[in-house]
Structure formats: C-alpha cells, structure tokens
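Thank you all for coming. I would like to walk you through one structure today, and I will take the bound molecules in turn.

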Amino acid sequence: MTFSKRSTRTRVSTEGAIAAFGGSPMFLGKEDIQLGVNESLYDTSLVLSSMTAAIVARVGPHADVADLAKHSSVPVINALSDLYHPMQIIADFLTITEINPSTSATSLGLEGMKIAWVGDANNVLFDLAIGATKLGVDVAVATPKGYGIPKAMRSVIEHAAATGPQGKAGKLTETTVPEEAIKDADILVTDTWVSMGQEEESAKRLKAFSGFQITSELAKRGGAKENWSFMHCLPRHPEEVSDEVFYGPRSVVFREAENRLWSAISVLESFVVNKGKIQ
Ligand code: CP
Ligand code: NVA
C-alpha cells in the first residue's frame, strides 16, 4: 500500500481486507519510501511487484498509478488519484443496492434511478458517473460555472456508458443550478469542495461554491423525491452539507463508509486472490 496522500477509510478498509484473506498489509506513506524523491516510478514498480501480491496506490496525478500498473508484474489497484476513486464507487453502489434492494434475480434493478451531484466535479464524481451511467442510472451534476466536468472526462464517461453491461445507459446532464439537478432525484451526493492537493485554492473555491451547500431546504426547493437519501464519501466539511442532512435520517454516510471494507474484500478477491478466475 503506497499512499502519497492521507487516508482513513481507504487505508483501514484495505488493511482489513488484506488481513481477512490472511495476507499482511504493508503501509508505505510518502515519507517511508524512495518513490518520487529518490527513485523513479519504473524502478519502484519493478521492485515492489517482485516482492508482493499486489500494489494498492494512492497518488496525485493519475499517470502515476497508470505508470505503476504498466510496469508491475502484480495487480495494481487505484486507491484514489486526481481523476478517479474506483474503490469508493464500488462501496457506493453496494450501499445504493442495499437501500434499494432489487426484486430481480438477474439485475441490480437500478435502471431509471436518478443521482444528483451538487458540488465540485472531482475524482469521486467522475467514477460515480462512469458506474452510474453503465448501470442505467441518470446523473445530474450541478457545479458553479467554471467547475464542471472537463471535456476529456466527459468523453471518458460517455464511452464507459456506451460499453456498460446493461441495455440502457444512464444519462449524464450538467447545470449550474443546484435545484435543476435535484429535481426528482432519488439520491443527493456531494464531496469536499477542496480535494487533497487543491489546498492553495481553498479561499477561491469556498467563495465560488457558496450556495451549493446541501440542506433539507435545498432538497425541498429543488423537488427531490420524497424518500431521497444522502451520500458522501467522507471526509466531510460542514460547508458542503448541513449537519441536519449529514447526521439526519436520510443520510447513509456511515453505512457507505463501512461498505468500504466489504467492497475492498471483494476487489481483492476479484483481482488478487482469484486473479484470472473471475470474469
Ligand atoms: N472516502 C475516502 O477515500 O476516505 P479516505 O480519504 O479517508 O480514505
Ligand atoms: N475528492 C476528495 C476525495 C477524498 C476521499 C479528494 O480527492 O481529496
């Protein structure tokens, strides 16, 4: 586990998952190894993969984890990059299926649902949009002007939607008006307005995002479905969601956090323990 950024959930759930399979997690923070300071990604990847069963990497630029994967002889799992957070989204869809159990034996039964994302268009949103549109779930995104989904990422999401396993891909829409995104949504989601690595932009971002805080009042004004749920990957800051929503009865955030453990177990089972045996 080589992490160049802080982590609570990803670290604890991954270490727990490795231990659950009888493995030994080895956590390397950015002060612990030579990576990036005194040794290249190429050399690090060859060395780590010669001695371990898998590499789980939390990085800044996505190219870093892609480079590790290119040269590694063992599976490399993305534990968050500036563009993606796949382990989070697997836990999120586990949570969504728990709160909306399927009545079908062959499908997750999520088609036709609507997720409203109100806040920053970031790594968590990008993977959420990929997962959702593949599963037939619509995603409506509200960001302040200038903070929307970059064009290149929109293409990635649209390509993923078109190649999903379900018959009908979900729709991705964008607006700068939170109420528009929230209209008829089943799930309201947000994340921090200042992701790790953007700390210097804090003041500018807090100003730009004012009016985007998720509150019960906003959900009502926007016309969310009557039984809407609230999700957040955590860590949470009060500016993006009110206490009333975050700690209220519609919030499933702590269940979502616990599901990081079960989904980390499933990721390791699929990609490391049963490598090549599961399609
Ligand atoms: N949600 C999430 O990835 O949390 P951590 O940054 O604490 O791992
Ligand atoms: N968007 C956040 C997610 C933290 C889990 C970040 O990248 O910092």
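Let me begin with ligand 2, where an oxygen atom of the ligand has a backbone N or O atom of Met196 at 2.8 Å; please keep in mind throughout that this is a predicted model. Taken alone, ligand 2 would expose 270 Å², and the protein buries 94% of that area. Two side chains also make polar contacts here: a polar side-chain atom of Asn123 is 2.8 Å from an oxygen atom of ligand 2, while a side-chain N or O atom of Ser195 lies 2.7 Å from a nitrogen atom of ligand 2. Counted by class, the shell around ligand 2 consists of four nonpolar, four polar and one charged residues, and Leu80, Asp191 and Leu234 are among them.

Leu234 brings me to ligand 1, since this residue is also listed around that ligand, and a backbone N or O atom of Leu234 lies 2.9 Å from a nitrogen atom of ligand 1. The protein buries 96% of the 260 Å² that ligand 1 exposes when taken alone. On the oxygen side, an atom of ligand 1 is 2.8 Å from a side-chain N or O atom of Arg9, and an oxygen atom of ligand 1 is 2.7 Å from a side-chain N or O atom of Thr10. The shell around ligand 1 has two nonpolar, five polar and three charged residues.

Where, then, does ligand 1 lie with respect to domain 1 and domain 2? Domain 1 (2-82) and domain 2 (86-257) both give residues to the shell around ligand 1, so ligand 1 lies between them.

Key. Residues numbered from 1 in each chain as written. Chains lettered and ligands numbered in written order. Predicted model: local features only at pLDDT ≥ 70, side-chain atom pairs only at ≥ 80, totals over all residues. Heavy atoms only, no water. Near = heavy atom within 4 Å. Polar contact = N/O pair within 3.5 Å; in protein donor to acceptor, adjacent residues only side chain to side chain. Areas by Shrake-Rupley, 256 points an atom, 1.4 Å probe, with all protein chains shown as cover. Nonpolar A, V, L, I, M, F, W, Y, C, P; charged D, E, K, R; others polar. Domains from an automatic or database assignment.
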